[in-house]
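Here are some short exercises to work through with the structure open beside you. Try each task before you read its solution.

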Amino acid sequence: MFERAGISSPGERTPSVANSPNGVGAYGQLFLEYALMAEYNQLQKQRLPGVYVIPSAASPLHWFGVLFIRQGLYQEGVFKFDVHIPDNYPDGDCPRLVFHPPVFHPIVDFETGELDVQRAFKQWRRNVNHIWQVLLYARRIFYKIDTKAPLNPEAAVLYEEDNVLFKAKVADTIATCKSQLYDSPHSDDPHAIRFSKWEEEKHSKALKTIVTPKKSKEDSEGAKNAQTSGLSWVKPGTMEVFSKETH
């Protein structure tokens with residue numbers, strides 16, 4: 001669902017991208033498109049655990065994502081988010097990351113859902129910083145809690161002084177996000193991430209494809225060679241393998 005829809009080439013879409021102060025007209029837009037294609041390819045190569053992202057169908061400056069947290073205080077959390085990339089990327093400010101709905105966390109604004117990305121990327125450096133690093137940071141905040149200069153002071157105080165109540169608040173935010181998991185996305189973009197409940201007829205075949213090991217290239221070539229060289233796997237009437245066919 002997420003891997004099949006990468007960023008298409010500039011000729012395959014009509015993105016709504018404003019002209020960058022550092023690039024004028026078509027050239028600036030073309031450079032931005034290819035810069036983001038490279039960023040998305042890097043992200044796919046990183047294979048960040050529990051992180052799934054897909055670019056918007058309308059603009060390469062907007063990506064949709066979801067985080068699955070598998071251990072720690074936020075275990076079993078499923079958090080949807082949007083990434084907003086500045087139109088003068090990669091020479092401008094760092095991308096913004098906003099959770100939908102907001103999550104209860106010391107460095108996430110509980111009103112807007114925006115993560116304090118700039119504490120990790122005080123100055124965005126071209127060819128040094130990358131969008132996959134922002135996503136890695138977003139994942140890491142749920143495993144290593146930072147309470148300095150919080151966007152959510154209540155969460156920071158509870159984490160430091162009342163861990164029991166903090167855990168209860170975290171459990172509430174996990175439950176809230178899960179309760180809205182199957183709701184329609186906040187955006188009508190066709191690439192906005194949607195979850196659907198399990199349907200045996202629709203999903204069992206896809207699950208089987210996912211869990212069935214793929215044959216290696218060597219196995220495929222071995223089978224092909226066996227067929228073209230007159231060899232069978234088992235001689236008829238015996239348990240002898242890789243025997244020549246009898247005529």
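**Exercise 1.** In which helix is the place of E39? Then work out what surrounds this residue.

*Solution.* Keep in mind that you're looking at a predicted model.

Step 1: Find residues 25-46, which make up helix α1; E39 sits in this helix.

Step 2: Look for a charged partner. E39 is buried and yet has no salt bridge. The nearest side chain of opposite charge belongs to R126, 9.1 Å away, while a salt bridge needs a nitrogen and an oxygen within 4 Å.

Step 3: Look for polar atoms instead. A polar atom of the E39 side chain lies 3.0 Å from the backbone nitrogen of I131.

Step 4: List the company. Skipping neighbours within four places in sequence, E39 is in contact with W63, Y89, N129, H130, I131 and W132.

**Exercise 2.** Two of those contacts, I131 and W132, bring us to helix α2. How many of the residues of helix α2 are buried?

*Solution.* Step 1: Mark out α2, which covers residues 131-140.

Step 2: Go through its residues using the cut-off for buried, under 20% relative accessible area. The ones that pass are I131, W132, V134, L135, Y137, A138 and R139.

Step 3: Draw the conclusion. That's 7 of the 10 residues, so α2 is largely enclosed by the rest of the structure.

**Exercise 3.** How many salt bridges does a search of the whole structure find? Pick out a few and see what they join.

*Solution.* Step 1: The search turns up 7 salt bridges.

Step 2: Take E114 and R96, whose side chains meet with 3.0 Å from N to O. E114 is in the loop between β4 (96-100) and α2, and R96 is in strand β4, so this pair ties together parts 18 residues apart in sequence. Both ends are partly exposed: E114 has a relative accessible area of 24%, and R96 one of 39%.

Step 3: Now try R119 and D146, with their closest N and O atoms 2.9 Å apart. R119 belongs to the loop between β4 and α2, and D146 to the loop between α2 and α3 (153-161), so the pair links parts 27 residues apart in sequence. D146 is partly exposed at 27% relative accessibility.

Step 4: Add E199 and K202, where the closest N and O atoms are 3.8 Å apart. E199 is partly exposed at 39%, whereas K202 counts as exposed at 52%.

Step 5: Finally, check for shared partners. Salt bridges of this kind join D116, R119 and D146 into one network.

Terms used. Residues are numbered from 1 along each chain as its sequence is written. This is a predicted model: local features need pLDDT of at least 70, side-chain atom pairs count only at pLDDT 80 or more; totals for chains, interfaces and linings use all residues. Side-chain values use heavy atoms; hydrogens and water are left out. Buried means under 20% relative accessible area, exposed over 50%, partly exposed in between (1.4 Å probe, protein chains only). Helices (H or I, at least four residues) and strands (E, at least two) are DSSP runs, numbered from the N terminus. Lys and Arg count as positive and Asp and Glu as negative; His and the chain ends are not counted. A polar contact is a pair of N or O atoms within 3.5 Å; within protein, one must be able to donate a hydrogen and the other to accept it, and residues adjacent in sequence count only if both atoms are side-chain atoms. Contact means heavy atoms within 4.5 Å.
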